[in-house]
Amino acid sequence: MELYSDDYFMNEALKEAKKAFDADEVPVGVVIVADNKIIARTHNLTERLIDVTAHAEMQAITSAANFIGGKYLNDCTLYVTLEPCLMCAGALYWSHLTRLVYGASDDKKGFLTISETVLHPKTIVVKGILEQECSGILKEFFQKKRN
C-alpha cells in the first residue's frame with residue numbers, strides 16, 4: 001500500500017472504527033488529513049457522550065479546526081468509513097472541506113439519498129475506498145446486536 005494514498009488513510013479511519021466497535025458504538029471512524037499528515041482522528045461517540053450529534057465527522061471537524069486554529073478546512077481531506085449523514089454533510093459544507101473520501105455507502109441515511117448538492121460546491125467526493133472492509137465492520141456490528 002502506497003504511503004499517503006487514499007487506501008492508507010482509509011485504513012487509519014478503519015482503526016478508529018474498530019475503537020468504536022470495541023466501545024459498542026456504531027463503528028464509524030474518521031481521519032482528517034492536511035499536507036499528508038493526520039491532524040484529527042476520532043470515531044462515533046454518541047453512546048459515550050449521550051449526544052446524538054457526536055458523530056465521528058462532527059468530532060473530527062472540531063478537532064481539526066482546533067489544530068488549524070480556524071474554522072475552515074481548506075486543503076484538508078476527510079476520510080470516513082461510512083457515507084456521512086445529512087447533518088454531517090451540512091457541517092462539512094460550512095467547514096469548506098476540500099475533499100471527502102468515504103468507504104461504504106449508506107443507502108438509507110447517507111447525504112446522497114437526499115441531495116448531491118449538500119456539500120460545498122468545491123468539495124471533491126471520492127467513494128468506495130476499501131468499501132468491503134468499511135461495510136464489513138458495520139455488518140458485523142449490527143449482526144452482533146441482533147443476536
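**Entry 1. Leu130**

I looked up Leu130 in this predicted model and found that Leu130 is buried, because its relative accessible area is 14%, below the 20% cut-off. I placed Leu130 in the loop between strand S5 (124-127) and H5. I then read the backbone: phi of Leu130 is near 50 degrees, a positive value in a residue that is not glycine. For a partner across the chain I took Tyr102, which is 28 residues away in sequence. The C-alpha atoms of Leu130 and Tyr102 are separated by 8.6 Å.

**Entry 2. Asn36**

I noted a positive phi at Asn36 too, about 60 degrees, although Asn36 is not a glycine. Asn36 lies in the loop between strand S1 (29-34) and strand S2 (37-43). Is Asn36 buried or partly exposed? Its relative accessibility is 42%, so I logged Asn36 as partly exposed.

**Entry 3. Ser135 in helix H5**

I went on to Ser135, which is found in helix H5. Ser135 has a relative accessible area of 19%, and the cut-off for buried is under 20%, so I entered Ser135 as buried. I checked what its side chain meets: a polar atom of the Ser135 side chain lies 3.4 Å from the backbone oxygen of Gln132.

**Entry 4. The largest pocket**

I asked which element gives the most to the lining of the largest pocket. The answer is helix H5 (residues 131-146), with six residues. I recorded a volume of about 720 Å³ for this pocket. Its lining has 22 residues, and those nearest the centre are Val26, Leu82, Asp106, Leu138 and Phe142. I sorted the lining by class and got nine nonpolar, five polar and eight charged residues.

**Entry 5. Aromatic pairs**

How many aromatic pairs does the structure hold? I found six. I opened the pair of Tyr8 and Phe9: the ring centres are 5.0 Å apart and the planes stand at 80 degrees, so I filed the pair as edge-to-face. Tyr8 is partly exposed, because its relative accessibility is 26%. Phe9 has a relative accessibility of 2% and therefore counts as buried.

I followed Phe9 to a second partner, Tyr79. The Phe9 and Tyr79 rings are 5.4 Å apart centre to centre, with 35 degrees between the planes, and the pair is tilted. This pair links distant parts of the chain: Phe9 belongs to helix H1 (residues 6-22) and Tyr79 to strand S3 (residues 76-82), 70 residues apart. Tyr79 is at 3% relative accessibility, so Tyr79 counts as buried. I listed Tyr4, Tyr8, Phe9 and Tyr79 together, as they form one aromatic cluster.

**Entry 6. Arg99**

I looked for side chains that meet Tyr79 and came to Arg99. Arg99 is found in strand S4 (residues 99-104). What does the side chain of Arg99 contact? I found a polar contact with the side chain of Asp6 at 2.8 Å, and one with the side chain of Tyr79 at 3.5 Å. Tyr79 thus appears in my notes with a tilted ring partner, Phe9, and with a polar contact to Arg99.

**Entry 7. Lys144 and Phe21**

I checked where Lys144 sits relative to Phe21. Lys144 lies over the face of the Phe21 ring, at 4.7 Å from the ring centre.

**Entry 8. Leu73**

I closed with Leu73, which is found in the loop between helix H3 (56-68) and S3. Leu73 counts as buried, because its relative accessibility is 0%. I took His96 as the second residue, 23 residues away along the chain. The C-alpha atoms of Leu73 and His96 are separated by 5.7 Å.

How values were computed. Residues numbered from 1 in each chain as written. Heavy atoms only, no water. 1 Å grid on protein atoms, 1.4 Å probe; cavity = no way out; pocket = protein on both sides within 12 Å on 5 of 7 lines; lining within 4 Å. Points joined across faces, edges and corners; volume = space filled by probe spheres on them. Helix = DSSP H or I, 4+ residues; strand = E, 2+ residues; numbered from the N terminus. Nonpolar A, V, L, I, M, F, W, Y, C, P; charged D, E, K, R; others polar. Phe/Tyr/Trp six-rings, centres within 6.5 Å; stacked < 30°, edge-to-face > 60°. Buried < 20%, exposed > 50% of the residue type's maximum accessible area, 1.4 Å probe, protein only. Lys NZ or Arg CZ within 6 Å of the ring centre and 35° of its normal. Polar contact = N/O pair within 3.5 Å; in protein donor to acceptor, adjacent residues only side chain to side chain.
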